[in-house]
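Open the structure in your viewer and switch on a cartoon view. Keep the selection box handy. We will go stop by stop.

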Amino acid sequence: MTRDPLRAIGRLADPVRRRLYDIVSSRSQPTSREAAAEAAGIRRSLAAYHLDKLVAEGLLETSYARTGERTGPGAGRTAKLYRRSDAEISASLPPRDYERAATLLAAALEHEPTGAARAALVDGAYRLGRKSIDPCGDDADPLVSALAATGYEPVCVAGDIRLRNCPFHHLAEGHRDLICGMNVSLVQGMIDALPGDARTARLDRGRTGCCVAIATDPE
C-alpha cells in the first residue's frame, strides 16, 4: 500500500500522538497499550486510538503476545504490542532523492579497484566526526549529545554505549562493510575530539541498531 509521507509525518503534529510515538520508539521491547498510556499519563482508550492511527500510517508496527508470566491454558488473552516500524518515511518539497544518489556513490566506491576511494571515505567520516563535537559545551557528555544529534539513539548497556539506530540504515543493508566501516570511523572521530577521552568505537554487529558499540571502560 502506498502511503502519503507528508500525511504520515503530519500525524506526529498532535502532541499526544507524538508523545506516544516517542515512548514506543524509545523502548527496546514492544510496548502494550496499557504501558504506553501509563507512560503518557492518558487513558488506555485514548492511547489505543492514537497508537492505531500511527500503525495505519506505517509509523508503528504491531504484534501480539502475552505480557504476564503465566503460560498455557488460563494464561489470558494476548496483548496488542507496538514497536517502531522499520519503514523510513521522509518527504521534501520539491521532491529530492538523495538516497538514490548515495546508493550510486556507495556502489561506485565498492567497485573502485585501488581502495583509495574507500580510504578517503573513512578519513572523511573521521574528520566529520571530530567536527561534530563541542568539547566546551554545556552537555554532561558531549559524545552522547553528538551521537543523539546524528540520529544514533545512544543507550548504555552493560557498561557500553550501544546505538539503537543507524542513520544510514538503507545504505547499510546494501553496502554493509562500506557503511559499517564509515560508521566506526565517524564515531571514533567524535571520541578523539574530546581531550583525554579513552573510549573506543568498535564494530559489533547485532541483530538491531547500529553496527558500532563504544567501550566506556577500555582495558
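**Stop 1: the cysteines**

Select Cys180 to begin. It counts as buried, because its relative accessibility is 3% and the cut-off for buried is under 20%. Keep in mind that this is a predicted model.

Now select Cys210. Is Cys210 buried or exposed? Cys210 counts as buried, with a relative accessibility of 3%. Show its sulfur and look for the nearest cysteine sulfur. That sulfur belongs to Cys211 and is 4.3 Å away. A disulfide requires the two sulfur atoms to be within 2.5 Å. Cys210 is in no disulfide. How many disulfides does a search of the whole structure find? The search finds zero.

**Stop 2: the four-stranded sheet**

Next, color strands 4, 5, 6 and 7. These four strands form an open sheet in the order 4-5-7-6. The pairing in this sheet is antiparallel. Which strands are at the edges? They are strand 4 (154–157) and strand 6 (200–203), and each pairs on one side only. Turn the sheet to see its twist, which averages 30° from one strand to the next.

Zoom in on strand 4 and strand 5 (residues 160–163). They run antiparallel, and four bridges join them. Select Pro154 and look across to strand 5: Leu163 stands opposite.

Bring back the helices around this sheet. Helix 7 (residues 142–150) lies across strand 4, strand 5 and strand 7 (212–215). Helix 7 runs at about 10° to strand 5. Then select helix 9 (residues 176–192), which packs on the sheet. Helix 9 touches strand 5, strand 6 and strand 7. The direction of helix 9 makes about 170° with that of strand 6.

**Stop 3: the three-stranded sheet**

Move on to strands 1, 2 and 3. They make an open sheet of three strands in the order 1-3-2, with antiparallel pairing. Strand 1 (31–32) and strand 2 (60–65) stand at the edges. Each has a single partner strand, so one side of each has no neighbour in the sheet.

Select strand 3 (residues 79–84) together with strand 1. The two pair in the antiparallel sense over two bridges. What stands opposite Ser32 in strand 3? It is Leu81.

Two helices pack on this sheet. Helix 2 touches strand 1, strand 2 and strand 3, and its direction makes about 85° with that of strand 3. Helix 4 touches strand 2 and strand 3, and its direction makes about 50° with that of strand 3.

**Stop 4: helix against helix**

Keep helix 2 (residues 15–26) and helix 4 (residues 44–56) selected. They pack at an angle of about 75°, and their axes are 10 Å apart. Helix 2 and helix 4 are therefore roughly perpendicular to each other.

Show the side chains at the contact. From helix 2, pick Val16, Arg17, Leu20, Tyr21 and Val24. They meet Ala47, Tyr49, His50, Leu51, Lys53 and Leu54 in helix 4. By class, this contact of helix 2 with helix 4 has eight nonpolar, one polar and two charged residues.

**Stop 5: a glycine in a loop**

Finally, select Gly115. Where is Gly115? Gly115 is in the loop between helix 5 (98–111) and helix 6 (116–131). Gly115 is partly exposed, with a relative accessible area of 34%.

For a last view, select Ile42 as well. Gly115 and Ile42 are 73 residues apart in sequence. From C-alpha to C-alpha, Gly115 and Ile42 are 55 Å apart in space.

How values were computed
Residues are numbered from 1 along each chain as its sequence is written. This is a predicted model: local features need pLDDT of at least 70, side-chain atom pairs count only at pLDDT 80 or more; totals for chains, interfaces and linings use all residues. Side-chain values use heavy atoms; hydrogens and water are left out. Axes are lines fitted to C-alpha atoms, for helices over the stretch in contact, and angles run from 0 to 180 degrees between N-to-C directions. Angles under 35 degrees count as roughly parallel, over 145 as roughly antiparallel, 65 to 115 as roughly perpendicular and the rest as oblique. Contact means heavy atoms within 4.5 Å. Ala, Val, Leu, Ile, Met, Phe, Trp, Tyr, Cys and Pro count as nonpolar, Asp, Glu, Lys and Arg as charged, and the others, Gly among them, as polar. Two strands pair if DSSP finds at least two bridges between them. Buried means under 20% relative accessible area, exposed over 50%, partly exposed in between (1.4 Å probe, protein chains only).
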